[in-house]
Amino acid sequence: MNEEEIKYQKAKKRVEAMRGFYVHLGVYVVVNTLLFFINMVASPDRLWFFWPLLGWGMAIILHALRVFGPGRYLGADWEEKKIKEIMENE
């Protein structure tokens, strides 16, 4: 593989990761909206929809940090940079 192909493959993986996040976010919004309406119809006096919203919301935040965060926490780029760093130090 030449340099251009390597760059293309990295960019492709990055775009796939971004697409995966947006799909995850879309499913989160749709499902939690549905849960909200079910909660309001079935038992409006007890707001249980909040719990899955909160728990899944934490997962969304972690997913966003992994895809968009600085250094993309512990992702493939991080591993590659660490390998190069260790090889240079030895």
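Buried means under 20% relative accessible area, exposed means over 50%, and partly exposed is anything in between, with a 1.4 Å probe and protein chains only. Keep that handy for the exercises below.

This is a predicted model, so local features need pLDDT of at least 70, side-chain atom pairs count only at pLDDT 80 or more, and totals for chains, interfaces and linings use all residues. Residues are numbered from 1 along each chain as its sequence is written, and side-chain values use heavy atoms, with hydrogens and water left out.

**Exercise 1. Work out the overall build of the protein chain.**

Step 1: Get the elements. Helices (H or I, at least four residues) and strands (E, at least two) are DSSP runs, numbered from the N terminus. The protein chain has three helices and zero strands, in the order α-α-α from the N terminus.

Step 2: Check the outline. Along the principal axes, the C-alpha atoms fill a box of roughly 65 × 30 × 15 Å. The radius of gyration is 19 Å, whereas a compact globule of 90 residues would come in near 12 Å. That radius is taken over C-alpha atoms, and the globule rule is 2.2 Å times the number of residues to the power 0.38.

Step 3: Look at burial and surface. Just 12% of the 90 residues count as buried. About 7,300 Å² is exposed, with carbon and sulfur atoms supplying 68% of it; the areas come from the Shrake-Rupley method with a 1.4 Å probe, and for residues only the protein chains shown count as cover.

**Exercise 2. Test whether the span of H1 agrees with the expected value, then list its buried residues.**

Step 1: The expected span of a helix is 1.5 Å times one less than its number of residues. For the 40 residues of H1 that gives 58 Å, and the end C-alpha atoms are 58 Å apart, so the two agree.

Step 2: Pick out the buried residues of H1: Phe21, Tyr28, Asn32 and Asn39. Part of what covers them is H2.

Step 3: Recall some helix geometry. An α-helix has 3.6 residues a turn, so residues three or four places apart point the same way.

Step 4: Look at the start of H1. A side-chain oxygen of Asn2 comes within 3.1 Å of the backbone nitrogen of Glu4 there.

**Exercise 3. Find what surrounds Asn39.**

Step 1: Place Asn39. It sits in helix H1 (residues 3-42), and its relative accessibility of 0% is why Asn39 counts as buried.

Step 2: Find the polar partner. A polar contact is a pair of N or O atoms within 3.5 Å; within protein, one must be able to donate a hydrogen and the other to accept it, and residues adjacent in sequence count only if both atoms are side-chain atoms. A polar atom of the Asn39 side chain is 3.1 Å from the backbone nitrogen of Phe49.

Step 3: Add the other neighbours. Contact means heavy atoms within 4.5 Å. Leaving out residues up to four places away in sequence, Asn39 touches Pro44, Arg46, Leu47, Trp48 and Phe49.

**Exercise 4. Compare Ser43 and Pro44 for burial.**

Step 1: Ser43 is in the loop between H1 and H2, and so is Pro44.

Step 2: Ser43 has 18% relative accessibility, so it counts as buried. Pro44 has 48%, so it is partly exposed.

Step 3: Now the partners. The side chains of Ser43 and Trp48 make a polar contact at 3.1 Å. Beyond its neighbours within four places in sequence, Ser43 is in contact with Ile38 and Trp48.

**Exercise 5. Classify two aromatic pairs by ring geometry.**

Step 1: Set the rule. Rings of Phe, Tyr and Trp (its six-membered ring) pair if their centres lie within 6.5 Å; planes under 30 degrees apart are stacked, over 60 edge-to-face, and the rest tilted. The whole structure holds seven aromatic pairs.

Step 2: Tyr22 and Phe68 are 5.9 Å centre to centre with 45° between planes, a tilted pair. Tyr22 is in helix H1 and Phe68 in helix H2 (residues 50-68), 46 residues apart. Tyr22, at 48%, is partly exposed, and Phe68, at 35%, is partly exposed too.

Step 3: Tyr28 and Trp56 have ring centres 5.5 Å apart and planes at 85°, so this pair is edge-to-face. Tyr28 is in helix H1 and Trp56 in helix H2, so the pair ties together parts 28 residues apart in sequence. Tyr28 is buried at 14%, while Trp56 is partly exposed at 23%.

Step 4: Look for a cluster. Phe21, Tyr22 and Phe68 form one.
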